[in-house]
Amino acid sequence: MDYKKIYEEWATDEFFDEDTRKELAAIAEDENEIKERFFTELEFGTAGLRGVIGAGTNRMNKYVVAKATQGLADYIIEKGAADKGVAIAFDCRNFSPEFADVAAGTLAANGIKAYRFESLRPTPELSFAVRYLGCVAGINITASHNPPEYNGYKVYWEDGAQITPPNDTGIMAKVKATDIKAAKTMSVEDAKAAGLYILIGQEVDDAYMAELKKVILHQDTIDKYGNEIKVVYSPLHGTGNIPARRILKEIGFENVYVVPEQELPDGNFPTVDYPNPEAKEAFALALKLAEEKDADLVLATDPDADRLGVYVKDSASGEYKCLTGNMSGSLLCEYELSQTKALKGIPADGRIVKTIVTTNMVDSMAEAYGVELEECLTGFKWIGRRILNYETTGVGTYLFGFEESYGCLIGTHARDKDAIVATMALCEAAAYYKSLGKTLWDAMLDMYEKYGYMKDAITTITMKGLDGIAKIGEIMTNLRNTELTEIAGYKVKSFRDYEKDTVKNMETGEVTSTGLPASNVLYYDLEDGAWLCARPSGTEPKIKFYYGVKGDSFDDAEEKSKNFEAKVKELIDKLS
């Protein structure tokens, strides 16, 4: 159907409520806005839904949420699992509680019990709750670290991880086949009366906290040095405030200072343009407070508390050093492996899992500790799937998993990245290194000395709208069809095309399989430990170029990285 006709239907049909029709009437003369909202349906992809809040088929609203939930319900019923129920969580974003209730109402109308958290909770706790409650699936209303105008809808399966094949394609097909007017609904009151709407809270909170404490390696050191560690923390107006403070207090960290301006939930994120702990600007208030309190480390979680941003103090200079996701993940990985080895030994079938765009430093760690390293596609759900495989086959003991985008998981209580457990573990590591007379920055430098000065970075190009989508596709096509023999002065050793499932040895011409599911990702293994990877973002209108180099020193690696970045930008210009 023509997008204008769909617009007219939404703007006039009384199926859509008065607020929706008024919103659409206000854009009646804006042809481009109408087209943006109705030229397509907001795609239910492997990560669920994510989009700008508003009326329209290409926006996040209660009708789109109900349609997605109806598709999920149809799939659950087809699998004969309706009696298991679905856990629902939501974050601080605008309309998150309302969308959670819409999802619960649609599930209830289909005879599926909804376990809805009484108030906002972190993503990792939703992942935990799915298995704790024995649910068949989970729904999380969140747009993670996107700008304020966004919201989203993530689906988890019974293993606690975001949906992967075959469930993802099965659910996507059901959602696509659902007419937006055909979604069943039930009021919250009627769902409660039918016993199909259950509020959950403290019991799950307590069980989640108990699981986090199980992964502590040095409680004795925390008991001795925890009161000497000063921590500044910001939830960035999101879900992390209560659980992060609770776990730190309960295990013995008393000197935790929360950024007051960013403490309370607020979907408008008034103190930041972009609630992303990867962004330096998000730390402005936290770093100011850190200076006042002479803090040892500065932490910030994103709105749904699955990503953790970190600054640590260099005692020599007094400067707060920013740790990228690769740096903080590597630091935690080294701490977990070294202390596991010292306290109880590394299991013979120990495994570290990382995504393909994550630093190669962890490869060196795995070799040093005699641990098998496994790679998976971008997205923590693939790490969660590896954990499930270890459990179902009995082969492989999960030790640590992380991705460069500020996310890791210690323990197997969740199957998604967990900034709450990472917060706890980093503070524990700070206390441990304090007992050795070192800071976390000292430990970071020790790690570089041990494994090499690796510098990993990312160049991101944002391209919004229809033209942007086409441009991103054009760049990927041009890059895929151009055989590069060198990049930024580094010889290409091999080229991986994950969409075609090929790995080409550039010296011999031999072509082998990637061994991973198809994905629109291109990866170049370069000489001297360098690499480059290109992929469109799965959640934002961006194309991302990840890369890494290895230097003889910190400064040398930094210089090589800057040169590499300049060459990558030149390459992008040629391909655009």
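Two strands pair if DSSP finds at least two bridges between them. The exercises below use this on a predicted model.

**Exercise 1.** Which strands does β4 pair with, and in which sense?

*Solution.*
Step 1. Take strand β2 (residues 86-90): β2 and β4 are joined in the parallel sense over 5 bridges. Within this pairing, Ala89 has Asn140 of β4 as its bridge partner.
Step 2. Take strand β5 (residues 150-157): β4 and β5 run antiparallel and are joined by 4 bridges. Here Gly138 stands opposite Tyr156 in β5.
Step 3. Both counts satisfy the requirement of at least two bridges. β4 therefore pairs with β2 in the parallel sense and with β5 in the antiparallel sense.

**Exercise 2.** Determine how many residues of strand β4 are buried, and on which faces they lie.

*Solution.*
Step 1. In a regular strand the side chains alternate between the two faces of the sheet.
Step 2. Sort the residues by face: Ala137, Ile139 and Ile141 lie on one side, Gly138 and Asn140 on the other.
Step 3. Every residue in these two sets is buried, which leaves both faces covered.
Step 4. The count for β4 (residues 137-141) is 5 of 5 buried, so the strand is largely enclosed by the rest of the structure.

**Exercise 3.** Classify the ring pairs Trp10–Phe38 and Phe400–Phe402.

*Solution.*
Step 1. A search of the whole structure gives 24 aromatic pairs. For Trp10 and Phe38, the ring centres are 5.7 Å apart and the planes make an angle of 75 degrees. An angle over 60 degrees counts as edge-to-face, and this pair is edge-to-face.
Step 2. Locate the two residues: Trp10 is in helix α1 (residues 3-12) and Phe38 in helix α3 (residues 31-38), 28 residues apart, so the pair links distant parts of the chain. Both Trp10 and Phe38 are buried.
Step 3. For Phe400 and Phe402, the values are 5.6 Å centre to centre and 55 degrees between the planes, which makes the pair tilted. Phe400 and Phe402 are both buried.
Step 4. Trp10 and Phe38 also belong to one aromatic cluster, together with Tyr7, Phe15, Phe16 and Tyr63.

**Exercise 4.** Is Ser405 buried or exposed, and which residues does it touch?

*Solution.*
Step 1. Ser405 is in the loop between β14 (397-403) and β15 (407-409).
Step 2. Its relative accessible area is 10%. The cut-off for buried is under 20%, so Ser405 is buried.
Step 3. Leaving out residues up to four places away in sequence, Ser405 touches Glu278 and Arg307.

Methods:
Residues are numbered from 1 along each chain as its sequence is written. This is a predicted model: local features need pLDDT of at least 70, side-chain atom pairs count only at pLDDT 80 or more; totals for chains, interfaces and linings use all residues. Side-chain values use heavy atoms; hydrogens and water are left out. Rings of Phe, Tyr and Trp (its six-membered ring) pair if their centres lie within 6.5 Å; planes under 30 degrees apart count as stacked, over 60 as edge-to-face and the rest as tilted. Buried means under 20% relative accessible area, exposed over 50%, partly exposed in between (1.4 Å probe, protein chains only). Contact means heavy atoms within 4.5 Å.
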